[in-house]
Structure formats: C-alpha cells, structure tokens
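Here is a short report on selected local features of one protein model. The structure comes first, then the notes.

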Amino acid sequence: MATPTKEGGFLMKLTDSVGSSAENRFNDVVVVQTLLNQNIASLTPHAPIEIDGKCGPLTIDLIMEFQRKVVGMQNPDGRVDPGGHTYKALQANAILSESHQPAIRLTKTTLLVANPQKGLSESDFQQAANALGVDIAAVKAVAEVESRGDGFLSNNVPKVLFEGHWFSRFTNGKFDQKHPTLSHAKWTKAHYKGGEEEYLRFLSAYALDAEAAMKSSSWGRFQIMGFNFHKCDYGSVTGFVTDMHISEKYHLQAFANFLITTDLARHLRAKDWAAFARGYNGPAYSENQYDTRIGEAYSAYST
C-alpha cells in the first residue's frame, strides 16, 4: 500500500493563531484541540476536550496549562501561533520521514492531510471494473450510493461515519457512561452529525482510544469500515486509515480488494443488488433501500 512521502501527506498544519485574542478559524482550532488531546498525558488530571472547532474557555485554559507544564512559560498567554514555541512543543512527538519532510502517520499528533488527491478518472473506474469483472457502471453506482460520488469533504478530510456501538464493543464499554454519544451498546443514528462534524466525532473518539476509533468508522468514497482493513489487503488499521486520508485512488483500491476478498464482486456481476447490499451494508440494508438505490444508480450510469 501507500508509503507516505512529502508529496502525499503532511503533519497537521496550523495556518493562523488559536487561543486568546487570536483568529480562531475552525480548522485551526480543530488542529490545536486535537494536538492538545494527543498531549493530554502531560496534563493530567485533565480529560480530553471535545473537538468542536470552537475556541472556548476550556480550550484556552488547556493551552495555558500546557504552556506552564510542558513549555515552561511562567506567564502563559493562552495562544498557539504557527511556528511558535507552543505549537512546536505540541508537535514534539511527530514522526518525520527520512527526507525530514512531515509524513502522515495516524499516531501521536498526526491526523490531517493538507492536499489529498481528490477525484477518480474514467480510467481509474475502468481498471477497477476490469479487475472485478463487472460493468464500470456498477462500480460508479456503489460509489454514488455510499458517498454521493466523492470521498473527501471540503476541508480535505475523508468522509467518515463514526459508529458508537462498534466503539463500545472494541473498548469493552469502558467509555459508555462518561461519553454516551460516542460509546453505546446498541446501534443508533441519534448521534450522527454528518459532514465535518462527523469527522470531529471521530477525532473525539480517537483521543480516547485511537485504534478503536479507526476501526469503528466507515471511510472514504466507498464507506468501508475500519475493522475490515485486513479484507482490503492492509496489515493494520492505521495503514488503511492513513491511505483513506491521502487519495481516492486508495479508496477505490481498498474497495476492489474488499470485494475480491469477500467474493461480493459476483453479486455485482450478476446485478443482484439485494445480495450485494446484504453483504456490503449488512442485514438491515433494506431499511435504507441500498439495493434499490444501487440499481437505480446503475441504470443511470448505464445510459
């Protein structure tokens, strides 16, 4: 699979100041809140904060606590500036590639990619269809139904749906009481937020248990659950989620590998939309009319 390079991925990047008397742009606040949570062990007994893109008193207080305990500032200003001492300290555990350029790794402080490769060409779809032995319209139909035809949000993070019942299962329910919107025993869509806010839900869970959060989310253009990483020919969920942050071509490659491993491609070849949806989306597929929607999208792409 992909080897992160200076062309492919980047460390979380702060573009403007965050904190007291700062610009506090949404994406920048998300970066700082995530970095604070990934350094939370240095700030005990503080618990991870909610990643909401809003720089309120709790975020500023945690910045000041970090400045006192880690940076060693006697008079903390509660502000994180690009290139400043506080920002550098927050990134102190970041992993660098051999070329000393920032490389994406979903460990410690690295999560976001600055310039992911968006979009798939007709050739990309055709190659996947050939590998699966299916019509190109079938591949496009699944992509349309799963993610409305694209794999990234406008802020350059992959589309994601975080599933709290899986997170509870992977963490043995230890977060159910304190974080009930992130961890709960039974499936519910009551806590879904969608779009950028759904990615923030993932980040909040990631701060509690990174591996469980990655496994408990569906990713990218084809919305493959993280716990299926091995069926997509990945050795770890970290490698899988890393690629989901880099390129839609990796989304497509993971999808093709998943269909080959699970033998679901045969249902697309037979145009048995119900059998495919049952295997891909689970036994409750009919509640969301996945089979009907895939069939309709296939007809549209076949014309």
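Two strands pair if DSSP finds at least two bridges between them. This is a predicted model.

**The sheet**

On that basis, 3 strands form an open sheet in the order S3-S4-S5. The pairing is antiparallel. Strand S3 (160-162) and strand S5 (224-225) stand at the edges. Each has a single partner strand, so one side of each is left without a neighbour in the sheet. Strand S4 (residues 217-219) is joined to S5 by 2 bridges. Tryptophan 219 has isoleucine 224 in S5 as its bridge partner.

**Positive phi**

Most residues other than glycine have a negative phi. Two residues are listed here with a positive value.

| Residue | Phi | Loop between | Relative accessibility |
|---|---|---|---|
| Asparagine 172 | near 55° | helix H6 (164-170) and helix H7 (195-208) | 73% |
| Glutamine 289 | near 55° | helix H12 (273-281) and helix H13 (290-302) | 47% |

Exposed means over 50% relative accessible area. Asparagine 172 counts as exposed because its relative accessibility is 73%. Glutamine 289 has a relative accessible area of 47%, so this residue is partly exposed.

**A buried glutamate**

Where does glutamate 248 sit? Its place is in helix H10 (residues 248-262). Buried means under 20% relative accessible area. Glutamate 248 has 2% relative accessibility, and therefore counts as buried. What does glutamate 248 touch, not counting residues up to four places away in sequence? Its contacts are Gln117, Lys118, Gly119, Leu120, Asp150, Gly151, Phe152 and Arg221.

Methods
Residues are numbered from 1 along each chain as its sequence is written. This is a predicted model: local features need pLDDT of at least 70, side-chain atom pairs count only at pLDDT 80 or more; totals for chains, interfaces and linings use all residues. Side-chain values use heavy atoms; hydrogens and water are left out. Helices (H or I, at least four residues) and strands (E, at least two) are DSSP runs, numbered from the N terminus. Buried means under 20% relative accessible area, exposed over 50%, partly exposed in between (1.4 Å probe, protein chains only). Contact means heavy atoms within 4.5 Å.
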